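Dear colleague,

I am passing on the structure we spoke about, and it is placed just below so that you can look at it before reading on. My notes on what was found in it follow.

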Amino acid sequence: SMQNYKELKVWEKAHLFTLDVYRFSDSFPKTETYGLTNQLRRASSSIAANIAEGCGKNTQPDLANFLNVSLGSANEAEYFILLAKDLKYLSEQNYDELNKLVNEIKAMLISLISKVRG
């Protein structure tokens, strides 16, 4: 396989992002359990999960495809946290923390994808 995903900085950051998302979304309204809470948690955990799965593949194009799926999930999560903030489910402070993290993750993924596709 390509590499140990746990050694990738971007995987580490994506994992931290997911832990924060779970923590902060605990206080979302119970009516959102199968709505926004679930969508945001799925999108965020998908970032790290696809990095991990991609690292288990044997070819660069395979890895690049999984990293691309991660990037799509990061874009989705970025929208869901904005929605959560505008619905007043997330404080400005928690939103800022998550938004900063997800944008760092996106930048790292974009650079990793271009390196892998190199």
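Please keep in mind throughout that this is a predicted model. I begin with helix 2, which covers residues 33-55 and, with its 23 residues, reaches 31 Å from its first C-alpha to its last, close to the 33 Å expected at 1.5 Å a residue. Helix 2 nevertheless bends by about 30 degrees, and the bend is at serine 46.

Serine 46 also takes part in a contact with asparagine 50, a residue that is likewise found in helix 2: the side chain of asparagine 50 reaches the backbone oxygen of serine 46 at 2.9 Å. Asparagine 50 has a relative accessible area of 12% and, because buried means under 20%, it counts as buried. When its neighbours within four places in sequence are left aside, asparagine 50 is in contact with Phe66, Val69 and Ser70.

The first of the residues just named, phenylalanine 66, lies in helix 3 and is also buried, at 18% relative accessibility. Not counting residues up to four places away in sequence, phenylalanine 66 touches Asn50, Glu53, Gly54 and Lys57. Its C-alpha atom is separated by 9.5 Å from that of isoleucine 113, although the two residues are 47 residues apart along the chain.

Turning to the interior, the largest nonpolar core has 34 residues, and those with the most contacts inside it are Phe17, Ile47, Ile51, Leu67, Leu90 and Leu109. The elements that give two or more residues to this core are helix 1 (9-25), helix 2, helix 3 (60-86) and helix 4 (92-117). In soluble globular proteins, nonpolar side chains tend to be buried together. As for leucine 90, it touches Phe24, Phe28, Ile81, Ala84, Lys85, Tyr95 and Leu98, again not counting residues up to four places away in sequence.

For the protein chain as a whole, the secondary structure comes to four helices and zero strands. The radius of gyration is 14 Å, close to the 13 Å that the globule rule gives for 118 residues, so the chain is as compact as a globular protein of that length. Along its principal axes, the C-alpha trace spans about 45 × 25 × 20 Å. Buried residues make up 42% of the 118 residues, and, among contacts with a separation of 6 or more, residues 24 or more positions apart account for 75%.

With best regards

Key: Residues are numbered from 1 along each chain as its sequence is written. This is a predicted model: local features need pLDDT of at least 70, side-chain atom pairs count only at pLDDT 80 or more; totals for chains, interfaces and linings use all residues. Side-chain values use heavy atoms; hydrogens and water are left out. The expected span of a helix is 1.5 Å times one less than its number of residues. The bend at a residue is the angle between axes fitted to the seven residues ending there and the seven starting there. Buried means under 20% relative accessible area, exposed over 50%, partly exposed in between (1.4 Å probe, protein chains only). A polar contact is a pair of N or O atoms within 3.5 Å; within protein, one must be able to donate a hydrogen and the other to accept it, and residues adjacent in sequence count only if both atoms are side-chain atoms. Contact means heavy atoms within 4.5 Å. A nonpolar core is a set of buried Ala, Val, Leu, Ile, Met, Phe, Trp, Tyr and Cys residues joined through side-chain atoms within 4.5 Å. The radius of gyration is taken over C-alpha atoms; the globule rule is 2.2 Å times the number of residues to the power 0.38.
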